[in-house]
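Trainee: Could you take me through one part of this model at a slow pace? I'd like a close look at how the helices pack against each other, with a bit of the surroundings thrown in.

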Amino acid sequence: MNTVLITGASRGIGAAIAEVFARHGYQLILNCCHSETALKALSDELSDKYHVTVLPVIGDVSDPDFVANMFAIIHQQSLSVDVLINNAGISHIGLFQDMTPDEWQHIMNVNIGSVMNLCHLVIPSMVHRHHGRIINISSVWGNVGASCEAVYSASKGAINSFTKALAKELAPSNIQVNAIAFGAIETPMNAWLSKEEAEALADEIPAGREGTKEEAAQMICMVADAPDYLTGQIITMDGGWI
């Protein structure tokens, strides 16, 4: 039975990803930093509904020490990660000139530092087994940049470059590394938009709406199940927006 590790799994896209992979019979390792009650409730729900093993692990994946401890727990449970989905991330809206160094460092640590921490510790086992999939969750702003989201855009651009470079390193070991650059998706991260702002955003998107978290999760599952020759790609899913 395959095992998937999903970060940022307590809500939004992360919770939807967990549901899709549970439906496909995967064992789940679910992580979040703050929403312990929500994550445990989701874990119990998916375990009961799909009869799969679910291991919830609470902690900050931008902290290398925590990630090391999490992998120690995974190994103690005799689990091997077949699919890693780096979904944890935060955003910041505002002018770059108004940000403090601590604020931008925090965004970079969470958005790209966590990806590096997880990849660094999952790779040895994948190389040993000559098998594995790494999927990094990016954004269209990592492709083109967004005003008032300069550091967020930079962090997602870093994910894109890291994905391409790591894919080249790991392709000889039959490990596929891809990123999905999402456009506007209906998640708590976008909940701050007013009704009028949400409608104006939808008008900019050729598809006429935001994507759903279920569509995002379905796309991620498709990439996890894609042919081995698909690697090093930044796949954009944005309703034709950018």
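Mentor: Let's start with a pair in the middle of things: the crossing of α3 and α4 is right-handed. Keep in mind that this is a predicted model. Helix α3 covers residues 64-76 and helix α4 covers residues 101-129, and their axes come within 10 Å and cross at roughly 35°. On the α3 side, the contact uses Pro64, Val67, Ala68, Met70 and Phe71, and these meet Asn117, Leu118, Leu121 and Val122 of α4. Sort those residues by class and you get 8 nonpolar, 1 polar and no charged. If you click through the α4 side, Asn117 is one of the residues you'll land on.

A word on how to read such pairs: two packed helices are described by the angle between their axes and the distance between the axes.

Now go to helix α1, which has two helix partners to look at. Take α2 to begin with. Helix α1 spans residues 12-23, helix α2 spans residues 36-50, and their axes come within 10 Å with a crossing of roughly 20°. That angle makes α1 roughly parallel to α2, since anything under 35 degrees counts that way. The crossing of α1 and α2 is right-handed. From α1, the residues in the contact are Ala15, Ala18, Glu19, Ala22 and Arg23, while α2 brings Leu42, Glu45, Leu46, Lys49 and Tyr50. By class, the contact of α1 with α2 holds 6 nonpolar, no polar and 4 charged residues.

Glu19 deserves a stop of its own. This residue lies in helix α1. Is Glu19 buried or exposed? Glu19 is buried, because its relative accessible area is 19% and the cut-off for buried is under 20%. Setting aside neighbours within four places in sequence, Glu19 touches Glu45, Leu46, Lys49 and Tyr50. Those four names also turn up on the α2 side of the helix contact, so have them on screen together when you look at this spot.

Next, the other partner of α1. Helix α8, residues 213-224, packs with α1 at an angle of about 55°, and the axes are 8 Å apart. The two helices are therefore oblique to each other. The crossing of α1 and α8 is right-handed. The α1 residues involved are Gly12, Ile13, Ala16, Ile17, Val20 and Phe21. Facing them from α8 are Lys213, Glu214, Ala216, Ala217, Gln218, Ile220, Cys221 and Ala224. The class count for the contact of α1 with α8 is 10 nonpolar, 2 polar and 2 charged residues.

With the helices done, here are a few spots outside them. Asn2 sits in the segment before β1, which runs over 3-6. With a relative accessible area of 35%, Asn2 is partly exposed. The C-alpha atoms of Asn2 and Val83 are separated by 7.9 Å, though the two residues are 81 residues apart along the chain. Leaving out neighbours within four places in sequence, Asn2 is in contact with Tyr26, Gln27 and Asp82.

Then there are two backbone oddities to check. Most residues other than glycine have a negative phi, and most peptide bonds are trans. His130 has a positive phi of about 55° although it is not a glycine. You'll find His130 in the loop between α4 and β5 (132-139), where His130 is partly exposed at a relative accessible area of 42%. Cys148 also has a positive phi, near 70°, and is likewise a residue other than glycine. Cys148 lies in the loop between α5 (140-144) and α6 (150-170). Its relative accessible area is 31%, so Cys148 is partly exposed.

Finally, zoom out to the whole protein chain. Its secondary structure comes to 8 helices and 7 strands. The C-alpha atoms fill a box of roughly 50 × 40 × 35 Å, taken along the principal axes. What radius of gyration does the protein chain have? It has 17 Å, which agrees with the value near 18 Å for a compact globule with 242 residues. Of those 242 residues, 50% count as buried. And among contacts between residues at least 6 apart in sequence, 75% join residues at least 24 apart.

Key
Residues numbered from 1 in each chain as written. Predicted model: local features only at pLDDT ≥ 70, side-chain atom pairs only at ≥ 80, totals over all residues. Heavy atoms only, no water. Axes fitted to C-alpha atoms, helices over the stretch in contact; angles between N-to-C directions. Parallel < 35°, antiparallel > 145°, perpendicular 65-115°, else oblique. Left-handed = near helix turned anticlockwise from the far one by under 90°. Contact = heavy atoms within 4.5 Å. Nonpolar A, V, L, I, M, F, W, Y, C, P; charged D, E, K, R; others polar. Rg over C-alpha atoms; globule rule 2.2 N^0.38 Å. Buried < 20%, exposed > 50% of the residue type's maximum accessible area, 1.4 Å probe, protein only.
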